[in-house]
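Good morning, colleagues. Please bring up the sequence and the model on your screens, and I shall go through a few of its features.

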Amino acid sequence: MNLAYRDIRHNLGRFLLTCFGLSLLLGVVLSMIGIYRGLVDDALTLVRTPAVDVWVVESGTRGPFAESSRIPGDTREAIARLQGVSAAGSVTYQSVEAPLAGKKLRLYVVGYEPGRPGGPDQIVAGRPIGRSHYEMIADKRAGLLLGDRLALGRNYFTVVGLTDGQVSSGGDPVIYITLLDSQELQFELAPPAARREIARGTGQGTTDTINAVVARVSPNASAESIAEAARRWKHLSAMTQIGQETILTRSVVERARKQIGLFTALLLIVSAVIIALILYTMTMDKLREIATLKLIGAPDRTIIWLILQQALAMGVIGFGFGALLITSIKDYFPRRVLLQPEDGIALAAAVILVCIASSALGVRLALKVDPATALGG
């Protein structure tokens, strides 16, 4: 006879309600892990898209994503002449807000030189940029369609291509425009400011400024040696692709990782407390039955297995429903929720350990029951 099954059937409503509440908690835990994975994946998307080996930025900075970087536009020619560099391209990065259907659409604008490194790795619909001005490639998350026109600054851009999965570390959809258009958008002064600078005698200044130079190296060349060669110019700093990814994961998303990890640990502790309290209550409700079992000679392991089975059933059912719930609604989250099988397996193992530990309180109470209690009035 399976005592755990018969006891659960006797209190089925309370048991299912407990499993439902636990599934919500474990679903939140799983979603927090998926949100962190999504944060890391989003942060590394723009870095990995150009498929380059070296990043050259302003001296004293750690790249265009971690902090501001401005270097002269002719830096690309200097980097391209380094021995071992097979291709180099100038890029700019900036966040903008553009009006769309009466609302503000927040975008991350990447300016690149068509035909050089820095542009999108694939286009899922439409075509690449074919003109030097006023064409753009947008990510699907922006909600734009082929042929749509969007105002950026003082000019209108036509969507000629679409990408998928291109977002910034902040979750904003990415759009690609030519380097000339991005420089005008980022560095050109507005007419009132330009007139003021002319009146001061400083002129309008130059827009031939970029945020970084990205370079690919030849198969027989070392990315670190090329980065070291670029650092010899005192106004430049350089890092390899691995170094740039490390900076992003350690600086841009490090605080989010710690915060999400803390919330995950707290939710697991809350789940353990809930399981322990429910098991303790369920054990108290059947103290006389447990005493009767002892009186007729049932061994302690039978009673321990009864409580442990109930704890494991709550954990497995709660985790299963929680995982099913998050898998069904993850696409409706404002940020990407990236669920990986290894994370689910690790959480399932943690839930089993939590259930075993939580059953200790009920087991302790059950083992202390005096068999003579069964003969009481």
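This is a predicted model, and it holds 5 aromatic pairs. Take Trp55 and Phe65 to begin with: their ring centres are 5.6 Å apart and their planes stand at 65°, which is over the 60 degrees required, so the pair is edge-to-face. Trp55 belongs to strand E1, residues 54-58, while Phe65 sits in the loop between E1 and strand E2, residues 71-72, so the pair ties together parts that lie 10 residues apart in sequence. Are these two residues buried or exposed? Both Trp55 and Phe65 are buried.

A second pair is formed by Tyr134 and Phe157. Here the centres are 5.7 Å apart with the planes at 75°, so this pair, too, is edge-to-face. It links distant parts of the chain, 23 residues apart: Tyr134 is in the loop between strand E5 (125-126) and strand E6 (135-139), and Phe157 is in strand E8, residues 155-163. As to burial, Tyr134 has a relative accessibility of 30% and therefore counts as partly exposed. Phe157, with a relative accessible area of 2%, is buried.

Returning to Trp55 and Phe65, I would add that they form one aromatic cluster with Tyr93 and Tyr108.

Let me turn to helix H6, residues 223-231. Which of its residues are buried? They are Ala223, Ile226, Ala227, Ala229 and Ala230. These residues cover an arc of only 160° around the axis, and therefore lie on the same side of H6. As a general point, an α-helix has 3.6 residues a turn, so residues three or four places apart point the same way. What do the buried residues of H6 pack against? Their partners are E1, helix H3 (75-80), strand E3 (85-100), strand E11 (212-217) and strand E12 (236-240). At the start of H6, a side-chain oxygen of Ser222 comes to within 3.4 Å of the backbone nitrogen of Glu224.

My last topic is internal space. The structure holds 1 cavity of 30 Å³ or more, and the largest cavity contains about 40 Å³ of space. Its lining consists of Leu22, Leu26, Leu268, Ser271, Ile275, Gly315, Val351, Val354 and Cys355. Which helices each supply at least two residues of that lining? Helix H2 (12-48), helix H8 (254-285) and helix H11 (341-367) each do so.

Thank you for your attention.

Methods
Residues numbered from 1 in each chain as written. Predicted model: local features only at pLDDT ≥ 70, side-chain atom pairs only at ≥ 80, totals over all residues. Heavy atoms only, no water. Phe/Tyr/Trp six-rings, centres within 6.5 Å; stacked < 30°, edge-to-face > 60°. Helix = DSSP H or I, 4+ residues; strand = E, 2+ residues; numbered from the N terminus. Buried < 20%, exposed > 50% of the residue type's maximum accessible area, 1.4 Å probe, protein only. Arc of directions from axis to C-beta. Contact = heavy atoms within 4.5 Å. Polar contact = N/O pair within 3.5 Å; in protein donor to acceptor, adjacent residues only side chain to side chain. 1 Å grid on protein atoms, 1.4 Å probe; cavity = no way out; pocket = protein on both sides within 12 Å on 5 of 7 lines; lining within 4 Å. Points joined across faces, edges and corners; volume = space filled by probe spheres on them.
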